[in-house]
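This briefing covers selected helices and the confidence of a predicted model. Please consult the sequence and structure shown here alongside the text.

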Amino acid sequence: MNSVPYFVALNTFRESVRDRVLYNLIFFALVMMGAAVLVGQISLGIENEVIINLGLTAISLFGLVMAIFIGVGLVYKEIERRTLYSILAKPVHRWQFLAGKYFGLLLTLAVNTALMTAGLFLALLYVKHSIAASDVHVLIAVYFILLQLALVTVLAIFFSCFSTPMLSTLFTLGIYVAGVFASDIRDMGALTNNTALILITRATYYLLPNFSNFNVIAATAHGDPIPLTLVGQNTAYAAIYIAAVLLAASAVFSNRNLK
Amino acid sequence: MGTPAIEIEGLTKDYALGFWRKKKRRALDGLSFQVQDGEVFGFLGPNGAGKTTTIKLLMGLIFPTAGAARIRGRSIDDVEMHRDIGFLPEQPYFYDYLTAREVLDYSARFFGFSAAERRERVDRFLEKVGLTAAANVQLRKFSKGMMQRVGIAQAILHDPKVVFLDEPTSGLDPVGRREVREIILELKKQGRTVFFSTHILPDAELLCDRVGVVVGGKLHGVGTPQEMMSIEVQGMELHFELPAGSALPAALASGATRSGAIYRLDVPEAQLYEAIEQLHAAKARILSVTQLKPTLEDYFFRLVGGEKGPSYAVEVSSK
């Protein structure tokens with residue numbers, strides 16, 4: 001077993017815990033509790049829908065902010081502070097270091113998301129006094145959010161390999177927003193009847209991570225079932241996309257002269 | 001002679017400058033030398049000479065524009081070669097959210113030690129660098145000197161065959177410097193190769209089997225500190241007293257200075273015996289005869305074109 005990425009990942013997770021990154025959970029818990037109390041009073045009959053909508057959106061937003069803002073500094077900070085000098089002088093390949101940093105942040109995001117999901121279920125319990133079997137769809141929606149965060153993190157870490165945190169944030173945010181509207185970009189090209197534009201927009205569509213497929217928050221809130229095929233498709237898509245970007249990041253990072 | 005510990009052949013490093021990265025700055029220019037197994041090798045040079053660049057190239061942190069290097073016969077591109085080496089970066093910085101014990105444990109993990117082995121090694125090396133009492137303190141509370149000690153411990157705790165230390169004594173107080181010197185000497189006693197860069201020349205003089213001087217990215221000589229220093233003997237210095245009523249021989253008057261009752265005379269080595277005979281004739285009491293020998297610092301300053309440093313006198317006889 002190649003355990004180097006595992007050691008680096010554990011240390012990255014430890015860094016998040018020690019740097020009190022998970023403190024945002026307290027804020028999240030307060031928001032959820034407050035919302036649950038408020039919603040319970042003002043939205044008769046649709047409390048469930050509002051709480052799920054609000055909760056999943058908050059989980060997604062909190063995760064996104066963490067993924068981008070921690071992700072863009074993940075490698076850059078190591079280079080700036082020269083903490084990776086002593087690590088790379090050990091029998092550690094650069095790709096192993098990079099994979100470790102990536103999975104370490106992913107672990108942080110997963111723990112963060114799991115705890116926030118527990119908070120969401122507590123809020124549901126407070127409002128409805130019970131948890132229905134159909135609420136399991138919330139877990140699928142959370143899984144999709146986690147896949148989105150994994151995609152955003154890999155983009156952030158990719159830019160972090162060669163760019164400053166400020167630029168990396170802009171690039172990652174830009175790609176995220178474009179990725180949310182990936183289908184629209186393709187459709188817009190198709191409307192023009194211009195072959196070149198159609199080709200460009202189609203290429204952009206395939207290159208960008210398609211985040212719209214991962215957004216099932218509204219459907220989940222309405223209680224619509226989420227097809228299992230979509231779970232499979234999204235998992236495979238995210239895995240392939242992440243692997244490709246991680247490979248590209250490794251190639252960039254492995255050839256980079258450290259200052 | 002077996003495989004050298006370090007072989008460097010024509011190592012060159014250019015840095016691209018400017019927005020379009022079309023301008024080049026040569027940081028290292030065709031560096032070639034070898035360090036033998038078990039040697040303590042001092043890599044000397046002023047700031048910006050290329051010392052750290054060389055070490056970073058050897059560690060695989062940056063890549064050469066031209067040339068090659070091998071450590072214990074293996075290319076520097078071979079990551080597995082790093083099992084045999086230890087590295088202390090210049091002004092080391094480690095994860096400040098970790099304690100000293102955690103940093104060392106983290107470092108030890110990459111070498112495949114079991115949990116029990118790691119514990120034993122971490123304790124042993126914390127003691128060696130004098131950090132046992134601060135073992136469980138987060139590094140953010142450490143001074144520069146303490147950080148340097150952590151750096152040294154993580155560089156040697158896996159018993160590497162070749163140890164690279166970039167300015168190991170900089171930032172340390174006299175006690176810390178002495179402890180680092182002792183660690184280097186202990187590594188030498190264990191048969192390990194130590195390659196260290198420094199601009200603290202007395203350290204190099206004291207510790208090194210051989211030194212290399214790099215200036216402006218070019219190597220300006222490799223040899224033992226003694227070879228470097230004995231390139232030219234600067235002359236002889238005599239201290240003497242004259243009895244009351246005796247006059248200083250006229251031939252020696254131009255090279256002599258007087259401080260109270262004691263005269264000091266500088267003469268070329270070839271004229272020493274002639275000067276002594278004249279002083280005998282004048283009934284002078286010779287207090288000491290010493291050889292004026294250039295220090296490594298003198299040699300260094302000559303190379304870098306700076307001001308000449310003070311020489312020290314090596315006593316060869318006294319009465």
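What span should the 27 residues of helix H11 of chain A have, at 1.5 Å a residue? The expected span is 39 Å, and the end C-alpha atoms of H11(A), which covers residues 228–254, are 38 Å apart, so expectation and model agree. The points below turn to the surroundings of this helix, to a helix pair and to confidence.

**Helix H11 of chain A**
- Buried residues in H11(A) are A:Asn234, A:Ala238, A:Ala249, A:Ser250 and A:Phe253.
- The cover over these buried residues includes helix H3 (47–80), helix H5 (94–128) and H6 of chain A.

**Packing of H6 and H7 in chain A**
- Helix H6 (residues 136–160) of chain A packs with helix H7 (residues 165–180) of chain A at an angle of about 145°, and their axes are 9 Å apart.
- The crossing of H6(A) with H7(A) is right-handed.
- From H6(A), A:Val152, A:Leu155, A:Ala156, A:Phe159 and A:Ser160 meet A:Ser168, A:Phe171, A:Thr172, A:Ile175 and A:Tyr176 of H7(A).
- This contact comprises seven nonpolar and three polar residues, with no charged residues.

**Confidence**
- The predictor assigns the complex an ipTM of 0.86 and a pTM of 0.83.
- The average pLDDT of chain B is 87, and 90% of its residues score at least 70.
- Among the elements of chain B, helix H2 (residues 100–109) has the highest mean pLDDT, 97, and strand E15 (residues 312–318) the lowest, 32.
- Over residues 307–319 of chain B, pLDDT stays under 50; the model has 29 contacts beyond four places in sequence for this stretch.
- Predicted coordinates should not be read in detail where pLDDT is low.

Notes:
Residues numbered from 1 in each chain as written. Chains lettered and ligands numbered in written order. Predicted model: local features only at pLDDT ≥ 70, side-chain atom pairs only at ≥ 80, totals over all residues. Axes fitted to C-alpha atoms, helices over the stretch in contact; angles between N-to-C directions. Helix = DSSP H or I, 4+ residues; strand = E, 2+ residues; numbered from the N terminus. Left-handed = near helix turned anticlockwise from the far one by under 90°. Contact = placed C-beta atoms within 7 Å. Nonpolar A, V, L, I, M, F, W, Y, C, P; charged D, E, K, R; others polar. Expected span 1.5 Å × (residues − 1). Buried ≥ 20, exposed ≤ 12 C-beta atoms within 10 Å, placed from the backbone. pLDDT = per-residue confidence, 0-100.
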